[in-house]
Amino acid sequence: MTKLLKTAAIAAIITGFANSAQAFELFTTLDAPTATYELVDSALPNHLPRDVAKPALELKSDTKIGVARLDGGRLIPTPFGEEFDWELLSRRTAKTSGATIEVMNTGDYLKYIPEIPFHGIDTDNKIDEIRLTAANEGYSHVIIYGLGTDAYWASFGGKALERTGLKVDADCASWDGAKAKALIVDSFTGKVLGAATADDITHNIGKLADDVERVMTELTRA
């Protein structure tokens with residue numbers, strides 16, 4: 001096809017059906033290499049390609065978040081007073097970010113843990129089971145929290161933090177010790193998005209819930 005068009009261009013010059021400038025333009029265009037360009041949005045920082053642009057926000061306005069209480073590394077029903085503090089937080093976040101917070105039902109948890117024979121040995125990492133339950137119950141994220149020994153420095157739920165199966169950044173407050181500690185975890189990946197701590201738990205865990213709200217605000221900030 002290219003050879004035929006070249007012949008036509010030469011014939012046009014000879015017969016006078018096109019001027020020399022038109023024929024030359026046609027002739028040179030036929031063999032011109034096709035240029036490839038990377039799509040770049042000039043509005044992005046440092047003119048980065050779209051696929052390496054600033055990541056999306058960690059928490060969206062319609063995020064549904066579960067709450068799970070650890071005691072001695074195991075899931076327990078959330079005490080009534082603490083459940084009330086989470087309810088107050090849910091009311092606030094519903095007005096500000098739109099995210100909903102619900103205390104997880106321990107009965108739902110029983111649907112997803114494996115059966116253990118009478119003389120069998122229970123699993124030692126309840127955090128993974130909590131994440132599995134949260135994901136199956138429709139919670140994209142889960143707030144896992146504990147007090148006392150469950151909130152020690154560089155540990156969580158009675159385990160060294162690096163052995164919990166969670167993905168934790170080095171600069172995350174998850175490594176800090178306190179009388180109460182809560183981690184906001186992606187239910188599907190195990191990534192810790194942020195951590196909250198509180199030392200004033202004399203009158204329940206209201207201060208911890210307040211610090212969780214601070215972390216959530218940072219995660220949803222534009």
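Which residue forms a salt bridge with D210, and how far apart are the closest N and O atoms? In this predicted model, the partner of D210 is R92, and the closest N and O atoms are 3.1 Å apart.

## The R92–D210 pair

R92 belongs to helix 3 and D210 to helix 6, so the salt bridge links distant parts of the chain, with the two positions 118 residues apart. R92 has a relative accessibility of 29% and therefore counts as partly exposed. D210 is likewise partly exposed, because its relative accessible area is 37%, and the partly exposed class lies between the cut-offs of 20% and 50%.

## Nonpolar cores

In soluble globular proteins, nonpolar side chains tend to be buried together. The largest nonpolar core of this model contains 21 residues, and those with the most contacts inside it are W86, I101, I143, I184, L208, V212 and M216. At least two core residues come from each of strand 1 (64-71), helix 3 (80-96), strand 4 (141-147), strand 7 (180-186), strand 8 (192-198) and helix 6 (206-220). Helix 6 provides the largest share, 6 residues.

Leaving aside residues up to four places away in sequence, I143 touches I65, G66, V67, A68, W86, I101, A182, L183, I184 and V212. A second core, separate from the one above, has 20 residues, including A68, Y109, I130 and A195.

## L208 in helix 6

L208 is located in helix 6. With a relative accessibility of 0%, L208 counts as buried, because that class covers values under 20%. The contacts of L208, again without residues up to four places away in sequence, are Y145, A180, K181, A182, A196, T197 and A198. Along the chain L208 and W86 are 122 residues apart, while their C-alpha atoms are separated by 9.6 Å.

## Salt bridges in helix 5 and the wider set

Side chains of opposite charge can pair when their charged atoms come close. The whole structure holds 8 salt bridges. One of them joins the side chains of K126 and E129, at 3.3 Å from N to O. These two residues are separated by about one helical turn, because they lie 3 residues apart in helix 5 (residues 126-136). Both K126 and E129 are buried.

D128 and R131 also meet through their side chains in a salt bridge, with an N to O distance of 3.3 Å. Both occupy helix 5, 3 residues apart, or about one turn of the helix. D128 is partly exposed because its relative accessible area is 31%, whereas R131, at 13% relative accessibility, counts as buried. Elsewhere, R92, D210 and E213 are joined into one network by salt bridges that share partners.

Notes
Residues are numbered from 1 along each chain as its sequence is written. This is a predicted model: local features need pLDDT of at least 70, side-chain atom pairs count only at pLDDT 80 or more; totals for chains, interfaces and linings use all residues. Side-chain values use heavy atoms; hydrogens and water are left out. A nonpolar core is a set of buried Ala, Val, Leu, Ile, Met, Phe, Trp, Tyr and Cys residues joined through side-chain atoms within 4.5 Å. Buried means under 20% relative accessible area, exposed over 50%, partly exposed in between (1.4 Å probe, protein chains only). Helices (H or I, at least four residues) and strands (E, at least two) are DSSP runs, numbered from the N terminus. Contact means heavy atoms within 4.5 Å. A salt bridge is a side-chain nitrogen of Lys or Arg within 4 Å of a carboxyl oxygen of Asp or Glu.
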